[in-house]
Amino acid sequence: MRAIQVTQLGGPEVLQPAEVPDPMPGAGELLVRTDAIGVNFIDVYFRTGVYSTELPYIPGKEATGTIVDMADGVTGFSVGDRVAWALTPSSYAELVRVPVSAAVPVPAGIDPAVAASALLQGMTAHYLLTSVYAVQEGDTILVHAGAGGVGLLLTQLAVARGARVITTVSTEEKAALSRESGATEVLRYSSDISAKVRELTDGEGVAAVYDGVGKDTFDASLDSVRVRGTLALYGAASGPVPPFDPQRLNAAGSVFLARPSLAHFVRTRAELMWRSEEIFTALASGDVRLRIGAEYPLAHAADAHSDLEGRKTTGSIVLVP
Ligand code: NDP
């Protein structure tokens, strides 16, 4: 089969198309032929060595496709079923071994590009809003990178829960997309973010900041949270936050700092199905729209990473095998 292989860590150019042996399903696994493959910032962290993995490896955690084979004894799925997954390694490939425990049925009518990028970013937005800080009607929150994959979904889901959403973005095009998704105030990083947030909240600050940008926004995030508010630091698109003194959380108003990860919020089959079904239902009903900013042939995965890291993408991006 064709796949993307990484033999050394580095820039996008290390994502090389390769012909590799077809995988066989192991115990408790499905073999899935992919229709579309999600590209996520976590794929960048593995490629650059922020997260470690053995070399060589096939990148990617998320995709959708059709079951073509399965291990003996697997129940609940049949050959021909459409499934999607969010945290299964080696997904930048035509064929992927998917543990039954990680596979989620894809409802009829969901486009493959949407199904390929709904789970990782959608379930992240879902756990951040329900389980890290449960957003309440009337809350004001701040979402960084408001036009990104997670950012657009987080904004729409928070607005649906009755929140007022302030976002940050880097360009006018991204500002327009963020407003379309329901943000009422859209700020630029170059502005004094915390001063603007205080101005917009009568000096109070926001109930929660959802920060996937990291190093460049962390200080402004901490300065924007209200007393006893939550700072959910869930990513590091601009680089990791340097070590800091916990006393700053006290000085900022007994702020709760979380550094959560999706894997810890889909630990059981019941939790995975709850979050994925809510996301797929919201997409199927049109309550939430998932923007596919760009599609790339699988062999051009390097271009997808280059655009994602270069802040050129909006919404979610996918690879097509
Ligand atoms: P995005 O589509 O949001 O892309 C990243 C965005 O970050 C860019 O478009 C850019 O938007 C913004 N950004 C700000 N500074 C930089 C910089 N220096 N370099 C690159 N981008 C920058 O990506 P995803 O939706 O895939 O992921 C968003 C974040 O969520 C990532 O940090 C990712 O790691 C995290 N994540 C965390 C999970 C978890 O469970 N903890 C799970 C899933 C994602 P702009 O130009 O507007 O600034």
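Reader: How many bridges join strand 8 to strand 9?
Author: This is a predicted model. In it, strand 8 covers residues 140-143 and strand 9 covers residues 164-169. The two run parallel, and the number of bridges joining them is four.

Reader: Which residue of strand 9 is the bridge partner of Ile141?
Author: Strand 8, residues 140-143, is joined by bridges to strand 9, residues 164-169. For Ile141, the bridge partner in strand 9 is Val165.

Reader: Which strands are the edge strands of the open sheet?
Author: The sheet has six strands in the order 10-9-8-11-12-13, with parallel pairing. From one strand to the next, the twist averages 15°. Two strands pair on one side only, and these edge strands are strand 10 (185-188) and strand 13 (256-258).

Reader: At what angle does helix 4 run to strand 10?
Author: Helix 4 is made of residues 172-180 and lies across strand 9 and strand 10. Its angle to strand 10 is about 155°.

Reader: Why is helix 2 described as oblique to helix 3?
Author: Two packed helices are described by the angle between their axes and the distance between the axes. The axes of helix 2 (residues 112-132) and helix 3 (residues 149-160) come within 9 Å and cross at roughly 45°. Because of that crossing angle, helix 2 counts as oblique.

Reader: How many charged residues are in the contact of helix 2 with helix 3?
Author: Helix 2 passes helix 3 in a right-handed crossing. Helix 2 contributes residues including Gln121, His126 and Leu129, and helix 3 contributes residues including Val150 and Leu157. By class, the contact has eight nonpolar and five polar residues, and the number of charged ones is zero: no charged residues.

Note on methods. Residues are numbered from 1 along each chain as its sequence is written. This is a predicted model: local features need pLDDT of at least 70, side-chain atom pairs count only at pLDDT 80 or more; totals for chains, interfaces and linings use all residues. Side-chain values use heavy atoms; hydrogens and water are left out. Axes are lines fitted to C-alpha atoms, for helices over the stretch in contact, and angles run from 0 to 180 degrees between N-to-C directions. Angles under 35 degrees count as roughly parallel, over 145 as roughly antiparallel, 65 to 115 as roughly perpendicular and the rest as oblique. A crossing is left-handed if the near helix is turned anticlockwise from the far one by less than a right angle, and right-handed if clockwise. Contact means heavy atoms within 4.5 Å. Ala, Val, Leu, Ile, Met, Phe, Trp, Tyr, Cys and Pro count as nonpolar, Asp, Glu, Lys and Arg as charged, and the others, Gly among them, as polar. Two strands pair if DSSP finds at least two bridges between them.
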